[in-house]
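Student: Could you show me how to read features in a protein model, one at a time?
Tutor: Gladly, let us look together.

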Amino acid sequence: MIKKQWIQDLKAIPFLLPFFVAYMIFTIFPIFKGLEMSLYDWTLVRKLEFVGLENYIKMFTDRHFWRTLWNTTFFVILTTPTMVLLALGLALLSNLNTKLKTFFRGSFFIPSILSVSVISFLMIFMLQPYNGLVNNVIQMLGIDAEPKWMADQGLAWVTIVVVTLWWTVGFNMILFLAALQDIPESLYEASEIDGASRWDMFKYITLPQLIPIGRVVLLLQILASYKVFAQILLITGGGPGGATRPLIQYIYEVGFNQNNLGYAATMSYALFFILLILSIIQLKSQRSGEN
Amino acid sequence: MKKGFSGLIGLLFVALILAACSDDSGSAGNDVEIPEGATEVVMWNLFGGGDAEYMEDIVTEFNDSQEEYFVNNVQQEYDEYYTKLLTSVGSGKGPDLGIAHSHVLPELVSQGLVTNIDDYAADVGLNWDEFNQNVLDVTIYDGNNYAVPIDTHPEIMFINNDLVEEAGLLNDDGTPKFEETPEGFIDFLTSLKETLPEDKMAFAFPSTGEDPYRIWWALYNQMGGENLVSGDLENPTYALDHEKAIEAAKYIYDLYHTHEVTPLDLADFYSDFQSGNAAVMSTGVWATGIWETTDDLNFTPMPFPNMFGQEAAWASSHTFVLPYYDDADEDSQKGAVEFMKFATDNGADWARAGHIPAKDTVLESEEFKDMPYRSEYAEVADYVKYVDRTVHARGIQDIVVRNLDTYWAGNATAEEVFSMIEQEVTDLIAE
């Protein structure tokens with residue numbers, strides 16, 4: 001019997017091997033290569049010399065590193081709570097037993113399937129001053145204003161946050177929706193017999209049941225928001241004047257425009273480290289919550 | 001049987017992955033049929049839009065003109081072009097012939113990625129004397145030619161004849177009525193703004209990115225400012241004249257904020273001009289090729305006004321380079337240089353895009369002179385001011401553009417942004 005199990009396991013190897021090979025080549029190997037790069041003076045073309053921790057020391061005194069890290073963190077602070085609440089709200093709406101259920105689910109999810117270049121182009125098209133849709137609507141409403149959605153520091157942030165929410169909320173909504181549908185109907189029936197109001201049901205049944213998935217959404221959202229890059233690059237280019245430039249854009253510029261891959265790898269490691277710490281905290285708190 | 005099957009599937013997957021990783025074609029070129037007996041020359045180019053078509057035409061003409069070489073023209077995405085070129089040439093897998101902007105040449109030369117062309121040039125009869133000296137200078141390092149310039153493409157100005165005439169500001173000879181002084185140009189734009197209907201704009205110009213930076217560079221040089229950094233290719237020193245730099249930047253700032261002749265944050269100033277909604281616009285000469293194929297657009301190109309005394313304009317130059325390999329195939333390299341000669345001899349074809357051909361002999365040819373518009377600005381090639389020759393050129397440009405954007409947006413004073421520029425550029429070149 002034991003031997004049979006062993007043969008059974010062996011049979012899985014050919015199926016696992018391709019992914020394993022790809023995973024090693026494209027994920028594990030670059031992780032270690034990146035660590036090596038961060039210890040060298042390394043250009044796009046060749047490895048130059050071993051500099052030890054010099055790149056790491058430089059990072060701590062680099063204003064741009066701190067500025068772009070703060071920009072990224074600011075983005076995380078802006079998007080994470082709103083994203084979780086919005087996704088929850090939309091999931092509740094999509095879960096209502098109305099005729100519009102399918103319409104809601106579809107329309108909230110559709111933006112998620114578009115590529116970043118498409119959503120960025122759409123937004124620039126709609127938000128451009130003078131002849132963009134949004135400003136025209138504002139003026140039609142009788143408000144005499146020409147907001148510079150992409151050129152004003154504050155508005156640029158609003159733009160990026162709104163675009164990101166609109167674009168990615170669908171995926172989180174689906175996670176909440178799946179969890180909502182997993183809540184046993186019997187709980188609601190029992191509470192109804194006990195005379196609970198709808199608000200009570202939401203507060204004492206729905207919300208607690210959603211906490212595990214809420215944690216997952218929160219973690220995924222924080223990780224995704226820290227990696228923000230493409231939509232900012234395409235919509236504001238990190239501007240005006242670097243006001244919305246995220247860390248990844250800075251890493252990209254240092255690596256590819258300034259030809260300094262060693263330092264770019266160092267900052268990538270810093271980001272990796274931050275995400276690792278956040279994930280550990282999150283997982284720990286989850287475990288203590290479960291206990 | 002079953003075990004054999006799963007094993008087979010597994011092997012197949014592994015084989016597929018390995019096949020995807022390997023480059024068994026051994027060539028950086030497109031999969032095209034090379035005529036028998038011809039030596040393949042793989043060329044990578046970074047062009048898009050009309051430029052790409054005109055270059056493709058030149059390649060086809062070259063391939064048809066002889067049987068010894070065949071240029072395999074590979075279109076690359078511009079945004080990734082230099083990353084790809086640097087890494088692939090560095091690892092010995094790049095093209096036989098590449099294209100580079102003049103401001104990237106210092107990086108390529110200092111990293112030993114391109115070959116000195118002099119020997120091959122003598123072989124194929126490429127005559128350096130035929131080139132515009134100002135354009136040729138940016139390709140010479142330590143007395144050797146490391147690239148063959150194709151063109152120079154300065155930032156110039158375009159006017160919409162109909163709108164300028166409607167405002168009563170067009171001379172009989174078709175030139176706009178304004179004095180070439182700082183005040184004269186502003187008077188011109190202000191009059192346009194006051195006279196034209198409200199839905200037309202005086203000056204379509206972006207308030208972010210490279211275009212305002214290029215005009216700033218032109219004005220700075222017109223004032224006699226010369227460098228941003230100077231000295232050694234790899235270890236230069238900061239040399240920006242802040243007084244002139246600030247004055248030039250303030251002039252542009254005033255166009256946006258004080259005189260309000262150009263609206264802030266235009267999303268697409270090309271389309272504003274193309275649709276006939278703007279009287280004046282400024283961008284690179286390449287727009288000429290676009291405007292002349294636009295129906296009902298009655299325009300005139302002209303050099304950006306010389307307002308501060310010295311003739312100067314921002315420009316870059318497309319050049320052909322010969323990537324360096326330890327085991328380079330001499331036949332392909334010679335073919336590459338043959339093509340460089342052919343393409344620059346046929347610079348008039350390239351001028352269709354709007355660029356100014358690098359060879360004086362082409363500029364003097366009837367074929368070029370017969371082309372409309374080009375002669376209006378061809379002289380700019382003689383006084384263009386290229387950005388400084390340094391391996392940090394791309395990094396410096398990022399810094400200056402970003403900080404100038406902050407200024408145009410009104411988020412900092414000129415003094416503040418230039419002190420930021422000084423700090424950032426000094427940090428960058430100290431590495």
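**Reading the model**

Tutor: Let us start with E253(A), which counts as buried because its relative accessibility is 10%. Buried means under 20% relative accessible area, exposed over 50%, and partly exposed in between, with a 1.4 Å probe and protein chains only. E253(A) sits in helix α11 (residues 247-257) of chain A. Helices (H or I, at least four residues) and strands (E, at least two) are DSSP runs, numbered from the N terminus.

Student: What should I know about the model itself?

Tutor: This is a predicted model, in which local features need pLDDT of at least 70 and side-chain atom pairs count only at pLDDT 80 or more, while totals for chains, interfaces and linings use all residues. Residues are numbered from 1 along each chain as its sequence is written, chains are lettered from A and ligands numbered from 1 in the order in which they are written, and side-chain values use heavy atoms, with hydrogens and water left out.

Student: How many salt bridges does the structure hold over all chains?

Tutor: A salt bridge is a side-chain nitrogen of Lys or Arg within 4 Å of a carboxyl oxygen of Asp or Glu. The structure holds 15 of them over all chains. In one, R214(B) meets E155(B) at 3.2 Å, N to O. Since R214(B) lies in helix α9 of chain B and E155(B) in strand β7 (residues 151-160) of chain B, the pair ties together parts that are 59 residues apart in sequence.

Student: Are R214(B) and E155(B) buried or exposed?

Tutor: R214(B) is buried, with a relative accessible area of 8%, and E155(B) is buried, with 2%. R214(B) also forms a salt bridge with D211(B), where the closest N and O atoms are 3.3 Å apart. Those two residues are three apart in helix α9 of chain B, so about one helical turn separates R214(B) and D211(B).

Student: Which residue forms a salt bridge with K250(B)?

Tutor: The partner of K250(B) is E415(B), with the closest N and O atoms 3.2 Å apart. This pair links distant parts of the chain: K250(B) is in helix α10 (residues 242-256) of chain B and E415(B) in helix α18 (residues 414-430) of chain B, 165 residues apart. K250(B) is partly exposed at 35% relative accessible area, and E415(B) is partly exposed at 43%.

Student: How do I read a cavity?

Tutor: On a 1 Å grid over the protein atoms alone, a cavity is a set of points where a 1.4 Å probe fits but cannot get out, and lining residues have an atom within 4 Å of a point. A volume is the space filled by probe spheres set on the points, with grid points joined across faces, edges and corners. The whole structure has five cavities of 30 Å³ or more, and the largest has a volume of about 80 Å³. Its lining residues include Y213(B), W217(B) and I396(B).

Student: Which helix gives the largest share of that lining?

Tutor: That is α17(B), which supplies three residues.

Student: What is unusual to look for in a backbone angle?

Tutor: Look at phi in D296(B): it is positive, about 65°, although D296(B) is not a glycine. D296(B) is in the loop between α12 (287-291) and β12 (299-303) of chain B, and D296(B) counts as exposed because its relative accessibility is 77%. Y373(B) also has a positive phi, about 70°, and is not a glycine.

Key. 1 Å grid on protein atoms, 1.4 Å probe; cavity = no way out; pocket = protein on both sides within 12 Å on 5 of 7 lines; lining within 4 Å.
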